[in-house]
Amino acid sequence: MESQREISHMQQKKGRRLILFPVPLQGHINPMLQLASILYSKGFSVTIIHTDFNSPNSSNYPHFDFISISDGLSESKASTADVIALLTLLNVNCVVPFQDCLAKLLSNAEKESIACLITDTVWHFTQAVADGLKLPRIVLRTSSISAFLAFSAFSILQEKSYLPRQDSQSEAPVTELPPLRVKDIPIIETHDSEDLYRLTSAMVSQTKASSGLIWNSFQDLEHDELTRLHKVCPIPMFPIGPFHKYFPASSSSLLCQDQTSISWLDKQAPKSVIYVSFGSIAAINEAEFLEIAWGLANSRIPFLWVVRPGLVCGAEWLEPLPKGFLERLDGRGYVVKWAPQQEVLAHPAVGGFWTHNGWNSTMESICEGVPMICQPSFGDQMVNARYVSHVWRVGLHLERKLERGETERAIRRVIVEAEGQEMRERIMHLKEKVDLCLRQGGSSFQSLERFIDFILSF
């Protein structure tokens, strides 16, 4: 029997619409659409406003309304080569189209009242738009809480000369942000470092000005960080993650997933395979690519390797590999352009994940109890890798230059040695905490209940 509370909730939510606005990067679209699905399942109607650039595939979500707005990007600007330049430009170009779109939705909203706007924190301009239209704005931050703490400390880090980062200081601890060292500060390379500081500062100040903050994380994983953040950002917070565990694997991937990776895994022994994927943006040079390839080959461990077209600078796909490289492996290695990652990590054959430590990938690995080899390339990935290796101790951090002997050793340490077994036990313990937090009475379950009450209070 449904409780009275649930029945009255459902009645209140009928006719309440939520407007969501994701940032058009894979690691930001995924959690926003997962959040939309969670809220839809709780009885809300959902409209997704999105840019023309990297627009999500609406046919995967027939129950949402999708509205596209112009982002004013020329072909040369519509690129993730300089993510900060792209996001800075989008925050300027989208102001008027977004404002017009939202005003129109509000004026047509007789049948359904619009409860609130939920945007990515990176869309800092939306706070002023929402205020002007008298609509509450709640923000979703798609990184870890610990990474957001680091971004929100940028002005202090500049004052204390941690930023700009000095290579000579790279190993020094950042006393204001334990357990980070200077090299873990989440810097993102861009042609103008002032753009990074301006974007970060606007994101943090407009998050503090919002009505509330949603996290794709859970209390048990980042309890101390949440407590620290409350002190600097005293707004309501809702850690309701991991989002993807609310549903069977669903995909909002912008790239086509190769399902043959699953049939290949079906033929491998339990916990024997290292899965390698560096996400949707990271790029490496040809020399690094070859060191990874030889490290995988020489480890004698079976591997499933995602080589995204464009992963290797200056190459279309696998051309840099030596002639006959894959043939010599006797079927021990399998290479695809993109994989259904949640299914891969949940597969019994996978024993380790060599990752760039984007937050979605890190969470997915924790949720499936798969220890990691960490190879972060920029931004919050640095912070996530430090937490994986030194706080939760469920992975190894590759910190030196990529070198085949070192990568071979790291793979063997995680897959076959006692050290990897110990990491596996620790990460299985975290996996159990994930399962508990989502159950009735668990911390994420209760946080979601609070969040729904919060929306209904507007």
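A salt bridge is here a side-chain nitrogen of Lys or Arg within 4 Å of a carboxyl oxygen of Asp or Glu. The model is predicted, local features need pLDDT of at least 70 and side-chain atom pairs count only at pLDDT 80 or more, whereas totals for chains, interfaces and linings use all residues. Residues are numbered from 1 along each chain as its sequence is written, and side-chain values use heavy atoms, with hydrogens and water left out.

**Exercise 1. Which residues are linked with Glu171 and Arg181 in a network of salt bridges?**

Step 1. Begin with the pair itself: the closest N and O atoms of glutamate 171 and arginine 181 are 3.6 Å apart, and the two residues form a salt bridge. Both lie in the loop between helix 7 (154-159) and helix 8 (193-208), so the pair ties together parts that are ten residues apart in sequence. Helices (H or I, at least four residues) and strands (E, at least two) are DSSP runs, numbered from the N terminus.

Step 2. Consider the surroundings of arginine 181, which is buried at a relative accessible area of 8%; buried means under 20% relative accessible area, exposed over 50% and partly exposed in between, with a 1.4 Å probe and protein chains only.

Step 3. Extend the pair to the network, which also takes in Lys183, Asp184, Arg386 and Glu399. The structure as a whole holds 15 salt bridges.

**Exercise 2. Where do the partners of the salt bridge between arginine 404 and glutamate 291 lie?**

Step 1. The side chains of arginine 404 and glutamate 291 meet in a salt bridge, with 3.1 Å from N to O. Arginine 404 belongs to helix 15 (residues 404-415) and glutamate 291 to helix 11 (residues 286-299), so this pair ties together parts that are 113 residues apart in sequence.

Step 2. Accessibility is then assigned to each partner: arginine 404 counts as partly exposed at 31%, while glutamate 291 counts as buried at 17%.

Step 3. As a second case, take arginine 198 and aspartate 195, whose closest N and O atoms are 2.9 Å apart in a salt bridge. Both residues lie in helix 8, three residues apart, about one turn of the helix. Arginine 198 is partly exposed at 49% relative accessibility, and aspartate 195 is buried at 11%.

**Exercise 3. In what order do the seven strands form the open sheet, and which strands stand at its edges?**

Step 1. The order is 3-2-1-4-5-6-7, and the pairing is parallel; two strands pair if DSSP finds at least two bridges between them.

Step 2. Strand 3 (65-69) and strand 7 stand at the edges with a single partner strand each, so one side of each is left without a neighbour in the sheet.

Step 3. Strand 6 (residues 212-215) runs parallel to strand 7, and three bridges join them. Within this region, tryptophan 215 stands opposite proline 239 in strand 7.

**Exercise 4. Which residues does a cis peptide bond with omega of about 5 degrees join?**

Step 1. That bond joins proline 178 and proline 179, and proline 179 is placed in the loop between helix 7 and helix 8.

Step 2. A cis peptide bond also joins glycine 241 and proline 242, with omega of about -5 degrees. Proline 242 is located in the loop between strand 7 (237-239) and helix 10 (260-265).
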